[in-house]
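Subject: A structure to look through

Hello,

I am handing over the structure I have been reading, and I would be glad if you kept it open beside this message. The sequence and the coordinates are shown just below.

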Amino acid sequence: MRFHGEILRHALLGLAILSPFAASASSWQQIQNDAKGQTVWFNAWGGDEAVNHYLDWVSGELKRDYAIDLRIVHIADAADTVKRIQTEARAGRKTKGSVDLLWVNGENFRALKEANLLQTGWAEQLPNWRYVDTSKPVREDFSVPVDGAESPWGSAQLTFIARQQQTPEPPASPQALLDYAKSHPGTVTYPRPPDFTGTALLEQLLINVTSQPDALKQPPNAQNFAAVTAPLWAYLDTLHPLLWRQGKDFPPSTARMDSLFTHGSLRLSLTFNPMHAKQKVAKGELPKDSYSFGFAQGMIGNVHFVTIPANAAASAGAQVVANFLLSPTAQLRKADPAIWGDPSVLDAHTLEPEQQKALQTLIPENSPPVLAEPHAAWVNALEQEWLRRYGTH
């Protein structure tokens, strides 16, 4: 009897060890079953034709393979969707919300998470999480812990663009950028904050010039904001008179900067996608000798995510969409500069040899080190102070 008892005990132990995996597989199958026939409303930035075409392809794949009707809601700013989710919560709409999936990161994620308006704990349960490069900041978003409340989708890094013919040696530091602007007055600028990329440059320069970098990991406060940011405003006060239109006017967007760059008014453009220059050159939208560069000490970068509101009407469908967006097929297509050129969040070493090789050819060359972005609360504080100092010109 003791012998049989030992066998039974080991068998039960084996089941206990296996059961989480079995349960996980069966629960994912249930999620896929629940997702069939669901309509998923995905609110995503619609400001780029390449992005929109890619999402049209995603919709077709999900319809064919998962019987999900993915509806893309093209938005100009995720903050508008955040307000809608907040309004629904205030109105007591705890289920059947109007948003099932949202492309988000940074301040908008923090606002939703702190108000408990997101589903948590689901992201790392997705089967395709096994491919994710966890050396990227996929578990925190602008210093805010993710807690499985959003799934990584793409990675990005602040990147300058120049022309080989005009700028064979690009400025490799903030001081070099200042010297470059002095040598070529009126040909350098940046998008007007609160444009995302314009604000990102403020954060980049702040990291470079502040004497208190550790303060950026926490929200700013009234006691330290002036001291931490003083070197930034001193730098901009010197830079602005050298800029396009003497820093009295700023392009409203990176698209406008690209246009000014292409037509020769600017010597530098700016983007938050390190593949942007390659993508636009491939499409004939930037000069052929355009190339990307960054500061030698590093450029700020982040991961962008998709998240599911707590009151989503199609939670199962939203998870299946998020999982598909992490698939090697979807990630490789998205990273291709001829299609979108949005860098992957996958670890090439987790892929099949052919996919691994394909992904490695799509990784941006000579990328500078990635610097972590300041805490999300710095975004609004920097934008407000920038507008106070320079916004009325």
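What follows is a description of what was found, taken one region at a time.

Please keep in mind throughout that this is a predicted model.

**The nonpolar cores**

A good place to begin is the interior, and there is a general point to remember while looking at it: in soluble globular proteins, nonpolar side chains tend to be buried together. Here the largest nonpolar core has 50 residues, and F42 and W153 are those with the most contacts inside it. Helix α10, which covers residues 315-325, gives the most to this core, contributing seven residues. Another core, of 44 residues, lies apart from it, and F160, A215, L260 and Y291 are among its members.

**Helix α4 and its neighbour α3**

Helix α4 runs over residues 107-114, and N108, F109, R110 and L112 are buried in it. If you wish to see what surrounds them, the buried residues of α4 pack against two helices, α3 (78-90) and α13 (377-390), and also against the strands β3 (101-104), β4 (140-141), β5 (144-145) and β6 (150-157).

The pairing with α3 deserves a slower look. Two packed helices are described by the angle between their axes and the distance between the axes. For α3 and α4, the axes come within 9 Å and cross at roughly 10 degrees. Because angles under 35 degrees count as roughly parallel, α3 is roughly parallel to α4. On the α3 side the residues that meet the other helix are A78, A79, V82, I85 and Q86, while N108, A111 and L112 meet them from α4. Sorted by class, this contact has six nonpolar residues, two polar ones and no charged ones.

**Two places with a positive phi**

After α4 comes N116, whose phi is positive, near 55 degrees. N116 is found in the loop between α4 and β4, and at 64% relative accessibility this residue counts as exposed. A67 also has a positive phi near 55 degrees, although A67 is a residue other than glycine. The loop that holds A67 is the one between α2 and β2, and A67 is partly exposed, with a relative accessible area of 39%.

**A cis peptide bond**

Another backbone feature to look for is the cis peptide bond that joins P193 and P194, where omega is about 15 degrees. P194 lies in the loop between α5 (174-183) and α6 (196-209).

**Salt bridges**

The count of salt bridges in the model comes to 15, and R64 is a helpful residue to start from. R64 forms a salt bridge with E61, and the closest N and O atoms of this pair are 3.1 Å apart. Why are R64 and E61 separated by about one helical turn? The reason is that they are three residues apart in helix α2, which covers residues 49-66. The two partners have opposite surroundings, since R64 counts as exposed at 57% relative accessibility, whereas E61 counts as buried at 14%.

R64 also forms a salt bridge with D65, with the closest N and O atoms 2.8 Å apart, and D65 is partly exposed, with a relative accessible area of 42%. Through salt bridges that share partners, E61, R64 and D65 are joined into one network. A further salt bridge links R71 with D69, whose closest N and O atoms are 2.9 Å apart, and R71 is partly exposed, with a relative accessible area of 38%.

**Two buried residues to inspect**

The residue I75 lies in strand β2, which spans residues 69-75, and I75 is buried, with a relative accessible area of 12%. Not counting residues up to four places away in sequence, I75 touches N43, A44, W45, G46, T81 and L102. For a longer view across the model, the C-alpha atoms of I75 and A381 are separated by 24 Å, and these residues are 306 residues apart along the chain.

Is K280, in contrast to the exposed R64, buried or exposed? K280 counts as buried, at 12% relative accessibility, and lies in helix α9, which covers residues 276-282. Leaving aside its neighbours within four places in sequence, K280 is in contact with D48, E285 and L286.

With best wishes

Terms used. Residues are numbered from 1 along each chain as its sequence is written. This is a predicted model: local features need pLDDT of at least 70, side-chain atom pairs count only at pLDDT 80 or more; totals for chains, interfaces and linings use all residues. Side-chain values use heavy atoms; hydrogens and water are left out. Helices (H or I, at least four residues) and strands (E, at least two) are DSSP runs, numbered from the N terminus. Buried means under 20% relative accessible area, exposed over 50%, partly exposed in between (1.4 Å probe, protein chains only). Contact means heavy atoms within 4.5 Å. A nonpolar core is a set of buried Ala, Val, Leu, Ile, Met, Phe, Trp, Tyr and Cys residues joined through side-chain atoms within 4.5 Å. A salt bridge is a side-chain nitrogen of Lys or Arg within 4 Å of a carboxyl oxygen of Asp or Glu. Axes are lines fitted to C-alpha atoms, for helices over the stretch in contact, and angles run from 0 to 180 degrees between N-to-C directions. Angles under 35 degrees count as roughly parallel, over 145 as roughly antiparallel, 65 to 115 as roughly perpendicular and the rest as oblique. Ala, Val, Leu, Ile, Met, Phe, Trp, Tyr, Cys and Pro count as nonpolar, Asp, Glu, Lys and Arg as charged, and the others, Gly among them, as polar.
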